Amino acid sequence: MRRAYLRAAFLPLAAAVATLCSLLAVQTADAEHGHAVSLRIVSVSEDQFINWDFKNKGTAADWPINILFWNNAEVDKIKTRYRWDGWFGSECGDTMWGALSDGGGWMWDSDDGVKTPCTPACFVAATHMRLYAPPATDRLYNLAWGYYVIASTHKDRNEACPFGTKHGWSEDAEQDAVNTAKGFGWRAGHDWADFFNPLASVYLGNHYLQNDGRASHVQVP
Amino acid sequence: MSVAIVAAISLNCGDDSRPCTASERCEWSVASAPVPALTGQLLANGAEVARIAFPEGARQGAGQWYRIDLELEVDVQRDLAGKLPAGTVPAYLSLAVDGATVFQLKLSPVSATGSSCSSRSNSGLEWSTYGLVYGAQRGPVPCDDPFSVRFANYLQARSVHAGEVPVTLKFEGPDPRLVGSVVLRPGSKVVVSEEGPPRVEVRLGHASVTTDGGTTRARVDFSVTVDGKPVGGAKVDVSRITDSQGVGPATAAAWNGEGYEAGLAWDGSPEATLLVSAAVARGSTLAMVEVGAADGGPAGPAKAALLAEGIVMMLFALMIALWIGRRVACGRLAIRAEKSGNRRH
């Protein structure tokens, strides 16, 4: 009786296990671009954040978090500096969401980011960076990083073109954003730490998925 | 080029208004080494206001917690504040120990349409700070008087090491004339204590939300724990995240003997995200909770919600599986019994 009972229960149990796995798969979920991404919680001291940003507070992952601005960072301060360098603001980007915790619990922050140029013409690529920190403070603080902000990056190509619009190249965008900061005189290090969000360099539809999984850091003076 | 306004090194706090506690040792204090009032222009490239000599073996953490307490008085140039154009870029005052920033004050316009001191009460600017001890603080910049800021934070680990390190104060913004003077008051000091930042947590107890003619009223209550133990006497403020992702005005939660309760009202949707800031003597926390007309409770991020749902669904699926399995097994046994019975017959 017992053997028959267990054998008969196998398929529904397998279905139950598959359900849990699929939920985990949702978390390692579909990106907005239709591929699986590896969601991880990155933590330092009591602070945590998820290594991707999202559409609509978590319905789909968007782009990898691949830059840390630290020491004396604050969202508006960083954006202002990039705008002084010719980058454009919220008028040029859609809103995405980052998930963070400063030790008191998780919270969402939304951002449109900074971008240059605003709407790239044919055969031109824009670098787009979004910055995340709790909305009440626009920066986090811990003893290792001081005042810090996390950022995702990607490129948009041919947006003003009637054809050929493409998005992606997060690694290239990361390098561009960091090099821009270096041009301000800010100290920075490329590919400083593993944020566990690598992407194979492949095309998927009109997206080119590219990220080495190692985030860069920018020390804000 | 930075300006050096170096104060003498002193190990005595010497400030009667805010003396060190028995568990604190003073490393530097303005009471013993006064710093003159500084203007925004003087601070535009950074000014060294003191040097601290940390002892041999000094390091942040593990029983040695270096904390800075600041009491500042900031005077904003009122005529300049009155002439700030719309969309004014924010300005910042920051203080660093050995180049590691530990204090950051932001001056920003309250209104996107600019600010004016013609009202002689509120300049339309607000100040805000954030640190591990008091959490997020903000306040209006008055037209007529300087404003005072009381701040505390734990030093970045890299700034605490044996030897002499500079303390620098800096202004960043489009026009340093905005800040007429910054005064570091005698209560400002760097202390080291065996007590580090505690773990402060906020839990939503109950939320009731009602709507009446387009106005939503919410009554929420919280508990605050420090290292797992409930405490009274915390400063708990509740704000609503606005539709444009800003932070609305804060409402102070009152201690009712068992927990903290606050009432908020706003126009619009009954579903809202509330920001709770709780600060105790040595630490603080920020938490977000979501409330709605269905008397919602705390909602974690997608990951936590998915995990919780996953566990419930897993258990439910397991129960279904076992129920189906039992019925199938029993059914097969019944068939087997019938067959056996038939054979017998």
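In the predicted model, Arg219(B) is placed opposite Gly263(B), a residue of strand β19(B). The two strands concerned, β14 (residues 215-226) of chain B and β19(B), run antiparallel and are joined by eight bridges. Strand β19 (residues 260-267) of chain B shows an alternating arrangement of side chains. Tyr260(B), Ala262(B), Leu264(B) and Trp266(B) are buried and directed to one face, whereas Glu261(B), Gly263(B), Ala265(B) and Asp267(B) are directed to the other face and are not buried. Gly263(B), the residue facing Arg219(B), thus belongs to the set that is not buried.

Strand β19(B) also pairs with β18 (residues 254-255) of chain B, again in the antiparallel sense, over two bridges. Trp255(B) has Tyr260(B) as its bridge partner in β19(B), and Tyr260(B) is among the buried side chains of that strand. Four residues separate the strands in the hairpin of β18(B) and β19(B), where Gly257(B) adopts a positive phi near 95 degrees.

Aromatic contacts were examined next. A pair of aromatic rings is described by the distance of the centres and the angle of the planes. Over all chains, a search of the whole structure yields 18 aromatic pairs. In one of them, Trp169(A) and Tyr203(A) meet edge-to-face, with 6.1 Å centre to centre and 80 degrees between the planes. Trp169(A) is located in the loop between β11 (166-168) and α3 (170-183) of chain A, while Tyr203(A) is located in strand β13 (residues 199-204) of chain A, so the pair ties together parts that are 34 residues apart in sequence. Trp169(A) counts as buried because its relative accessibility is 8%, under the 20% limit. Tyr203(A), by contrast, has a relative accessibility of 49% and counts as partly exposed. Tyr203(A) additionally forms a tilted aromatic pair with Tyr208(A), at 4.7 Å centre to centre and 55 degrees between the planes. Tyr208(A) is itself buried, at 17% relative accessibility.

Elsewhere in chain A, ring pairs connect Phe49(A), Trp145(A), Tyr148(A), Trp192(A) and Phe195(A) into a cluster.

Arginine side chains also lie over aromatic rings in chain A. Arg157(A) is positioned over the face of Trp169(A), 4.0 Å from the ring centre; Trp169(A) is the buried residue that pairs edge-to-face with Tyr203(A). The charged end of Arg81(A) sits over the ring of Phe184(A), at 4.0 Å from its centre.

Note on methods. Residues numbered from 1 in each chain as written. Chains lettered and ligands numbered in written order. Predicted model: local features only at pLDDT ≥ 70, side-chain atom pairs only at ≥ 80, totals over all residues. Heavy atoms only, no water. Phe/Tyr/Trp six-rings, centres within 6.5 Å; stacked < 30°, edge-to-face > 60°. Buried < 20%, exposed > 50% of the residue type's maximum accessible area, 1.4 Å probe, protein only. Lys NZ or Arg CZ within 6 Å of the ring centre and 35° of its normal. Pairing = 2+ DSSP bridges.
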